[in-house]
Amino acid sequence: MRIEETDALIAVDVQNDFCPGGALPVQGGANVVPAINRLSPTFHTLVFSRDWHPPDHCSFSDTPEFRDGSWPVHCVQHSPGAEFHGDLIVPLDAKIIDKATEPDTEDYDAFQDSDLTEYLRSRGVRRVFVAGLATDYCVKFTALSSAREGFETWLVLDGCRGVAEATTKAALEEMKQAGVKTCRSPELE
Ligand code: VGL
Ligand code: ZN
């Protein structure tokens, strides 16, 4: 598949805390970095989202259940864990979207409470390719919103990893039902 000027890549939450050694590690999380780095020079429009929580964010728990949306403390604004993975290439002209920055709201979706739709439309974007962490949370909700906003939406399978197997499988099915298509990074040029 040929990448065109009207295509955008959204790299979701490729941050230290979601990679091995971080506070909320996703198995193989760092493996998305080479796939995203390989793709990003191909795209005219690049978006990087960050989970960017205040220290008292409502999802934080000392006894996290994960499945119910309670998590260990992670991605606290300006902490090392919230930084993008050190090997991730983030070009200076990329759009950065911070998510869940208020104590009382959770936000797994780079489109929610942001100007991302307007940004993409203003750049003439038609197709959106989504990669990053985690497939069963922020990647899923971001891809679903992208499709709902009318962008032809593609999930880059080798550019994503999920928190848990069952929820990742369910997420892939839910995205498929919503019309999200799948591809692999070597197919894109
Ligand atoms: C995420 C759990 C908690 C994600 C963010 O980026 O997928 N998951 N906060
Ligand atoms: Zn979070």
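Q: In what order do the elements of the chain run from the N terminus on?
A: This model is predicted. The chain has four helices and six strands. Read from the N terminus on, these elements follow the order β-α-β-β-α-β-α-β-α-β.

Q: What radius of gyration does the chain have, and what value would a compact globule have?
A: The C-alpha atoms fill a box of roughly 45 × 35 × 30 Å along the principal axes. For 189 residues, a compact globule would have a radius of gyration near 16 Å. The chain agrees with this expectation, because its own value is 15 Å.

Q: What percentage of the residues of the chain count as buried?
A: A residue counts as buried when its relative accessible area is under 20%. Applied to the 189 residues of the chain, this criterion gives a buried share of 53%.

Q: Is D13 buried or exposed?
A: D13 lies in the loop between β1 (7-12) and α1 (32-39). Its phi is positive, at about 50 degrees, although D13 is not a glycine. The cut-off for a buried residue is a relative accessible area under 20%. D13 has a relative accessibility of 0%, and therefore counts as buried.

Q: Is D113 buried or exposed?
A: D113 is found in the loop between β3 and α2. The phi of D113 is near 55 degrees, which is a positive value in a residue other than glycine. A residue is exposed when its relative accessible area is over 50%. The relative accessibility of D113 is 70%, so D113 counts as exposed.

Q: Which residues gather in a patch of negative charge on the surface?
A: Asp and Glu count as negative. A residue enters a patch with over 30% relative accessible area and no salt bridge. One member of the negative patch is D113, which has a relative accessibility of 70%. The residues that gather there are D56, E102, D104 and D113.

Q: Which class of exposure does E102 have, with a relative accessible area of 48%?
A: E102 is located in the loop between β3 (95-99) and α2 (116-122). Buried residues have under 20% relative accessible area and exposed residues over 50%, with partly exposed residues in between. The value for E102 is 48%, so this residue is partly exposed.

Q: What is the omega of the peptide bond from L133 to A134?
A: A134 belongs to the loop between β4 (127-133) and α3 (135-148). The peptide bond that leads from L133 to A134 is cis. The omega of this bond is near -10 degrees.

Key: Residues are numbered from 1 along each chain as its sequence is written. Chains are lettered from A and ligands numbered from 1 in the order in which they are written. This is a predicted model: local features need pLDDT of at least 70, side-chain atom pairs count only at pLDDT 80 or more; totals for chains, interfaces and linings use all residues. Side-chain values use heavy atoms; hydrogens and water are left out. Patches are made of residues with over 30% relative accessible area and no salt bridge: like charges are joined within 9 Å, nonpolar side chains (Val, Leu, Ile, Met, Phe, Trp, Tyr) within 5 Å. Accessible areas come from the Shrake-Rupley method with a 1.4 Å probe; for residues, only the protein chains shown count as cover. A salt bridge is a side-chain nitrogen of Lys or Arg within 4 Å of a carboxyl oxygen of Asp or Glu. The place of a charge is taken as NZ of Lys, CZ of Arg, CG of Asp or CD of Glu. Helices (H or I, at least four residues) and strands (E, at least two) are DSSP runs, numbered from the N terminus. Buried means under 20% relative accessible area, exposed over 50%, partly exposed in between (1.4 Å probe, protein chains only). The radius of gyration is taken over C-alpha atoms; the globule rule is 2.2 Å times the number of residues to the power 0.38.
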